[in-house]
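Let's take a friendly walk through a protein model, one piece at a time. Keep the picture open beside you as you read.

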Amino acid sequence: MLPQKNVYYLNSEIKLQFENMLIRITRFTRIDDDSAWDIPAHAHKNYELHYIYEGQGKITLGNNAFTVAAGQFYICPPYIDHSQATLTGHVMKEYCIECDIACPKDECSEEANTLLQTVARSLYYCYNEQHGFLKYNFDLLDRLFRDTSAQALSGTDFMTKSTLLSTVMGMLTFVQIENGSQDDQTLDRNDINYKRASAILNYLEANYKKDVTLAECARIFALSEKQINRILKKVFDNTFHALKVQTRANVAVRLIQTTEDPLEFIAGEAGFSGYRQMIRSFKTLGLDSPTSYRRK
């Protein structure tokens, strides 16, 4: 059952900046349900920063699974499947900040770039609270948002923004300096390259109609273009470009087999520039022609 008592505080995004790092807060949520709840696997285009303030829960994040308890937090990176469920007798309650974190091309400071790369390698665990810092910050944010409407933050605007920035940067920094923990049964599957490759593939599958570039993915996942191709080659035996074409072809085949739409229309819906490009891509991938799939 999905949580029934969700409190959404933020009606418009808040933009923050630190060391040329741009942080765009899009959602601040409190789950305060006294009944057991379960959110099935899903993914977001932004980071999700989860802080548990009461109870216990079971989390799956990518191909890892771990238990969280009050005073712990974890961070879900973009386009990674994750699920949440409370443990029997210990209903989990949490705060969640959803945000986009990025640096403008060629403008990211060395410190910010190092932080983002470290965090990108360390997001598949739960982390312990440090000295009550996060608990204090989330309690303060809860009061600030509860006492003041999002449309009229006025005098508390600076306090809200500074506390949000302190909270996000605090969680990222804790991830950078602390060793995370996870359940023993997932340690043998803790392959960082697999996780990165899966996240990139999820991103391609979510944006197949757009002209997604290798440079764009390098920025989002805090990797170099060469690293991305090397990781994808190792995990999927394909380059970034080949996976992008394969993803579009998979969409096209599904549409051809399940709709009566014209093939020219389907080519555009699958992200190809036109019908001829779709035919060439099918041929390159060793697939039957689009018309053959339609006859089947």
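Start with strand β5, which is joined to β10 by seven bridges, the two strands running antiparallel. If you want one pair to look for, find H50, which stands opposite C96 in β10. β5 also has a link to β8: here four bridges join the two strands, and again they run antiparallel. A pair to look for here is E48 and its bridge partner in β8, C76. Is β5 mostly covered or mostly open? Six of its eight residues are buried, so that strand is mostly covered, with "buried" meaning under 20% relative accessible area.

**The whole chain**

Please keep in mind that this is a predicted model. Its chain has 10 helices and 11 strands. Of the 296 residues in the chain, 49% are buried. Contacts that reach along the sequence can be sorted too: among those between residues at least 6 apart, 70% join residues at least 24 apart.

**A second set of strands**

Now look for an open sheet of four strands, with antiparallel pairing and the order β4-β9-β6-β7. Which strands form the edges? They are β4 (38-42) and β7 (64-69), each of which pairs on one side only. From one strand to the next, the twist averages 15 degrees.

Inside this order, β6 (residues 56-61) and β9 (residues 82-86) pair in the antiparallel sense over five bridges. To find the pairing on your screen, look for G57, whose bridge partner in β9 is T86.

**Two nonpolar cores**

Which residues touch the most other members of the largest nonpolar core? Among its 36 residues, the answer is I23, I25 and F28. Several elements give two or more residues to this core, including β3 (21-31), β5 (47-54), β10 (93-102) and α3 (157-177). The largest share, eight residues, comes from α3.

I23 is a good residue to click on. Leaving aside neighbours within four places in sequence, I23 is in contact with I14, K15, L16, C99, D100, I101, L165, V168 and M169. A second core, separate from the largest one, has 33 residues and includes W37, C126, A199 and L201.

**Two residues in loops**

C126 deserves a closer look. Its place is in the loop between α1 and β11 (127-128). Is C126 buried or exposed? Its relative accessibility is 3%, which is under 20%, so C126 counts as buried. C126 and T67 are 59 residues apart in sequence, while their C-alpha atoms are 7.9 Å apart in space.

N207 is another loop residue, found between α4 and α5 (214-220). Why does N207 count as buried? Because its relative accessibility is 9%, and that value is under the 20% cut-off. Leaving aside neighbours within four places in sequence, N207 is in contact with Y79 and V212.

**Helices that pack together**

Two packed helices are described by the angle between their axes and the distance between the axes. The table gives both values for two pairs.

| Helix pair | Angle between axes | Distance between axes |
|---|---|---|
| α4 (residues 192-206) and α6 (residues 225-236) | roughly 100 degrees | within 9 Å |
| α7 (residues 240-258) and α9 (residues 275-284) | about 110 degrees | 10 Å |

How should we describe the way α4 and α6 lie? Angles from 65 to 115 degrees count as roughly perpendicular, so α4 and α6 are roughly perpendicular to each other. Where they meet, α4 brings N193, Y194, R196, A197, S198, I200 and L201, and α6 brings I228, I231, L232, K234, V235 and F236. Sorted by class, the contact of α4 with α6 has nine nonpolar, two polar and two charged residues.

The pair α7 and α9 can be read in a similar way: these helices, too, are roughly perpendicular to each other. Their contact is made by V245, A249, A252, V253 and I256 of α7, together with M278, S281 and F282 of α9. How many nonpolar, polar and charged residues are in the contact of α7 with α9? There are seven nonpolar, one polar and no charged residues.

Conventions. Residues numbered from 1 in each chain as written. Predicted model: local features only at pLDDT ≥ 70, side-chain atom pairs only at ≥ 80, totals over all residues. Heavy atoms only, no water. Core = buried A, V, L, I, M, F, W, Y, C linked by side-chain atoms within 4.5 Å. Buried < 20%, exposed > 50% of the residue type's maximum accessible area, 1.4 Å probe, protein only. Contact = heavy atoms within 4.5 Å. Axes fitted to C-alpha atoms, helices over the stretch in contact; angles between N-to-C directions. Parallel < 35°, antiparallel > 145°, perpendicular 65-115°, else oblique. Nonpolar A, V, L, I, M, F, W, Y, C, P; charged D, E, K, R; others polar. Pairing = 2+ DSSP bridges.
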